[in-house]
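Please look over the sequence and the 3D structure shown here before reading on. The paragraphs after it are meant to be read with the structure open beside them.

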Amino acid sequence: MKTFEVPVIYRSPLISAIKARRKEQDRMKKDFTPTILDLGAVRILLARHFGFCYGVENAIEIAFRTIEENPGKRIFLLSEMIHNPHVNSDLLSRGVQFLMDTTGRQLIPWETLKADDIVIIPAFGTTLEIEARLTALGIAPLQYNTTCPFVERVWNKAGQIGQKDYTVVVHGKPGHEETRATFSHSQAGTPTVVVKDMAEARLLAGFITGEHAPELFYERFKGQYSTGFDVTKHLQRVGVVNQTTMLATETQAIADFIKEVMQQHFQPENIGERFADTRDTLCYATNDNQSAVTGMLQQPADLAIVVGGYNSSNTSHLVELCEEQLPTYFISSEEKILSKNEILHYDFHHKQELHSNNFLPEQGPVSILVTSGASCPDALVEGVIRRIARFYNVEEQLEAAV
Ligand code: SF4
């Protein structure tokens with residue numbers, strides 16, 4: 001896979017060495033067991049795959065190169081480039097300005113943009129409406145485009161099944177930048193509806209089968225269906241695509257469920273007449289990172305620490321997997337570990353940061369699972385490991401391991 005130039009501050013010599021060694025030993029990526037750093041009083045079990053993915057490194061390389069090559073120019077990002085506060089604040093500190101927040105709320109009015117301004121499209125991609133708006137302002141929308149190719153692959157898949165008269169069901173978070181972009185691209189070619197979870201998939205099934213009154217659809221899926229969507233006509237043939245970072249098990253369950261509903265309700269001779277076979281459109285990094293967490297969870301451990309931006313979708317799913325099995329702390333950096341006893345960590349279910357005590361045992365041995373999201377610099381993960389090593393006076397053992 002292509003390699004990118006990413007600022008050295010995001011790299012970690014420790015993690016890079018571990019990743020290089022694992023890659024060398026397992027080129028086909030079949031081994032999902034964690035790397036064990038046995039430091040005596042502390043055992044760190046590091047996931048086989050974590051950290052910057054292809055799309056994030058691509059976006060970081062383009063953004064930092066654009067800043068370097070365009071001194072004196074005004075540079076804007078449509079919104080956060082990736083969901084990591086450290087990377088975003090580094091961009092802000094270099095003079096980049098965000099036009100919108102992650103929910104799409106305008107921070108800088110469009111009217112203030114000029115034709116010679118630079119606007120960078122984030123890794124999530126953007127909507128056709130925003131592209132048209134930039135064009136109207138005299139700004140070439142795709143000149144500084146960091147849209148991940150794995151996101152574009154979803155748009156292509158939606159376009160292909162749309163051409164065959166399937167309605168596209170997008171499994172994604174309706175407010176997420178990527179899902180808004182996918183929705184926009186998909187609805188340009190075919191009726192499209194977004195479902196955020198299995199509960200909404202079940203609700204949609206009630207409209208496929210006619211169990212629910214059609215009028216109810218427009219209320220229950222408000223803001224999640226394309227213009228002109230006719231629930232009595234547009235749920236006869238469907239296909240499912242996903243936001244690339246959803247939970248693999250949920251996305252598979254939703255596709256299987258809708259396929260089964262189509263089979264039961266329409267009784268086609270060939271299911272392809274009613275349900276497009278898209279397989280899942282999760283990206284490789286989501287699959288690898290989630291499989292690595294599943295592999296890591298096979299090992300006995302006392303707790304898990306997941307590092308990443310609090311608004312990062314892929315990171316929250318890693319947390320979801322871990323917390324089914326053991327106490328899990330979702331932190332954005334080592335600074336959230338206030339002391340050996342205190343930690344600030346994010347509860348993504350209730351969208352609030354919590355303060356917990358006694359998250360680490362006073363004495364070792366302690367086994368800690370560690371992973372991070374696809375937008376999290378490895379340097380932050382190393383920071384977490386080093387801080388924990390300090391608490392148990394095993395820094396020397398860590399150096400020896402390095
Ligand atoms: S998580 Fe996947 S889709 Fe998103 S930027 Fe990374 S590689 Fe691309």
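What follows goes from the domains to the ligand and then to two groups of strands.

This is a predicted model, in which local features need pLDDT of at least 70 and side-chain atom pairs count only at pLDDT 80 or more, whereas totals for chains, interfaces and linings use all residues. Residues are numbered from 1 along each chain as its sequence is written.

The domain assignment, whose bounds come from an automatic or database source, divides the protein into domain 1 (8-53 + 284-401), domain 2 (54-136) and domain 3 (150-276). Taken over C-alpha atoms, the centres of domain 1 and domain 3 are separated by 35 Å. Seven residues of domain 1 are nevertheless in contact with eight residues of domain 3, contact meaning that the C-beta atoms of two residues, placed from the backbone, lie within 7 Å. On the side of domain 1 that touches domain 3, the elements giving two or more residues are α10 and α11 (313-323); helices here are DSSP runs of H or I with at least four residues, and strands are runs of E with at least two, numbered from the N terminus. The largest share of that side, four residues, comes from α11. By class, the side of domain 1 that touches domain 3 has no nonpolar, six polar and one charged residues, where Ala, Val, Leu, Ile, Met, Phe, Trp, Tyr, Cys and Pro count as nonpolar, Asp, Glu, Lys and Arg as charged, and the others, Gly among them, as polar.

Helix α10 appears again at the ligand, where α2 (54-69), α5 (149-163) and α10 (284-296) each supply at least two residues of the surrounding shell. The largest share, three residues, comes from α2. Of the 15 residues around the ligand, Cys-53, Gly-55, Cys-148, Thr-244 and Cys-283 come nearest, a residue being near a molecule if its C-beta atom, placed from the backbone, lies within 6 Å of it. This shell has 10 nonpolar, five polar and no charged residues.

How many residues of strand β6 are buried? Five of the five residues of β6 (residues 167-171) are buried, so the strand is largely enclosed by the rest of the structure; buried means 20 or more other C-beta atoms within 10 Å of a residue's own, exposed 12 or fewer, and partly exposed in between, with C-beta atoms placed from the backbone. Thr-167, Val-169 and His-171 point one way from β6, while Val-168 and Val-170 point the other way. β6 pairs in the parallel sense with strand β8 (residues 238-242) over five bridges and with strand β7 (residues 192-195), also in the parallel sense, over four bridges; strands pair if DSSP finds at least two bridges between them. Val-169 has Val-240 as its bridge partner in β8 and stands opposite Val-193 in β7.

Elsewhere, an open sheet of three strands has the order β4-β3-β5, with parallel pairing. Because β4 (97-98) and β5 (118-120) stand at the edges, each with a single partner strand, one side of each is left without a neighbour in the sheet. Strand β3 (residues 75-77) and β5 pair over three bridges, and Leu-77 stands opposite Ile-120 in β5. In the loop between β4 and β5 lies Ile-108, which is exposed, with 12 other C-beta atoms within 10 Å. Not counting residues up to four places away in sequence, Ile-108 touches Gln-97 and Leu-99.
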